[in-house]
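Reader: I'm new to reading protein models and would love a close look at one part of this one. Could you take me through a sheet and what surrounds it, step by step?

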Amino acid sequence: MITVVTDSCAYFKEMEANALGVKIIPVNYIANDRTYLESFSDKNDEFEQLINHAKKLSTSQPNPAAFLSCFEEETKNGNDVLCITMSSRLSGTYSAAHAAAKLSGKSNIAVMDSRLIAGGLNLLVKKAVSLIDGGMQLPEAIKKLEQVREKISIVFTVADLSPLKKSGRGFAKMTTNILNIKPVLHLKEGVVSFGGMVRGNSNILKELMETISPHAEEVVVNYIGSGTISTNICNMLRADKPELPVSLNKIGPVLAIHLGLDAVAVSHIIP
């Protein structure tokens, strides 16, 4: 048996992760010098108030010991491990998992850089579970998943570019939004790229919808804030394509610190 492990920035709901048998390693976030552990998408309590009022905010990758403990438990139970982390170009989480695998000394632990985050990582992890359930072994599954990750798209928008610029993961030369003009951003090859500016919620909704391929086989919508645009996207997709699996998951505190408290992301995978 192969156990799939990922980090909390895949934003699985607790019930979904348990149903898939996916193990989640919490990513750390720090508010006013106190460290917290990010949890499942639906188990982070009222973190918005904490983030909104904190004078100092930051995030940090899990300690390798967190991964090592999980890896050792699974291998002790006779399982192989496939660990898929968020993009190494956005976080040191991949490095922490890789270090843990090396410390374990076990050859049946594989760590993969997804080059994705949030809904994109969520989709890749679910594809991994599907391949393994279909009988695919570890080396073959990794090769297949490296192909699959190129078929996953992430597009997102934020209300305020300041948190993204401050985090160093955005664009230092981009100005903050005025008059309800918001950026359209893409995650490509594990890094954020600029896709243009859009004015007004109706145009933002249209722009995000148009990024979804007509051949999409699954869509994940992530949000933080009011959720109006994200809910409308889900409702439109479900009305237009009732057979298309669509998930709506809330962004957790780690990504919220870097994106701000008003953001929408749309991820999809094609065959």
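Author: Happy to! Let's begin with one pair of strands: strand E1 (residues 2–7) runs parallel to E2, and 3 bridges join the two. Within that pair, Asp 7 of E1 has Ile 25 of E2 opposite. Keep in mind that this is a predicted model.

Now widen the view to the sheet around that pair. It is an open sheet of 4 strands in the order E2-E1-E6-E7, and its pairing is parallel. Strand E2 (23–25) and strand E7 (109–113) are the edge strands, and each of them pairs on one side only. On average, neighbouring strands here are turned by 25° against each other, direction ignored. As you trace a strand, a general rule helps: in a regular strand the side chains alternate between the two faces of the sheet.

Next, look at the helices that lie across this sheet. Helix H4 (residues 93–104) lies across E1, strand E6 (80–85) and E7, and runs at about 165° to E7. Helix H6 (residues 138–148) also lies across E1, E6 and E7, but its direction is given against E6, at about 15°.

H6 is a good stepping stone, since it also packs against another helix, H5. The angle between H5 and H6 is about 145°, and their axes are 10 Å apart. H5 passes H6 in a right-handed crossing. Which residues make this contact? From H5 come Leu 124, Lys 127, Ala 128 and Leu 131, while H6 brings Ala 141, Lys 144, Leu 145 and Val 148. Sorted by class, the contact of H5 with H6 has 6 nonpolar and 2 charged residues, with no polar ones.

Follow H5 and you reach a second sheet. Helix H5 (residues 118–133) lies across strand E8 (152–158), strand E11 (218–224), E12 and strand E13 (263–269), running at about 145° to E11. Those strands belong to an open sheet of 6 strands, in the order E10-E9-E8-E13-E11-E12, with mixed pairing. Its edges are strand E10 (191–199) and strand E12 (246–250), each pairing on one side only. Neighbouring strands in this sheet are turned by 20° against each other on average, direction ignored. At the E10 end, strand E9 (residues 181–188) pairs with E10 in the antiparallel sense over 7 bridges. There you can find Leu 187 opposite Val 192 in E10.

Another helix pair is worth a stop. Helix H8 (residues 201–210) and helix H9 (residues 228–240) pack at an angle of about 50°, with axes 10 Å apart. That angle makes H8 oblique to H9. The crossing of H8 past H9 is right-handed. On the H8 side you will find Asn 201, Ile 204, Leu 205, Leu 208 and Met 209, which meet Ile 229, Asn 232, Ile 233, Met 236 and Leu 237 in H9. These residues divide into 8 nonpolar and 2 polar, with no charged ones.

Finally, how far can you trust the picture? The mean pLDDT of the protein is 93, and 94% of its residues reach 70 or more. Residues 170–177 have pLDDT below 50, although this stretch has 23 contacts in the model beyond near neighbours in sequence. Where pLDDT is low, the predicted coordinates should not be read in detail.

Notes: Residues numbered from 1 in each chain as written. Predicted model: local features only at pLDDT ≥ 70, side-chain atom pairs only at ≥ 80, totals over all residues. Heavy atoms only, no water. Axes fitted to C-alpha atoms, helices over the stretch in contact; angles between N-to-C directions. Parallel < 35°, antiparallel > 145°, perpendicular 65-115°, else oblique. Left-handed = near helix turned anticlockwise from the far one by under 90°. Contact = heavy atoms within 4.5 Å. Nonpolar A, V, L, I, M, F, W, Y, C, P; charged D, E, K, R; others polar. Pairing = 2+ DSSP bridges. pLDDT = per-residue confidence, 0-100.
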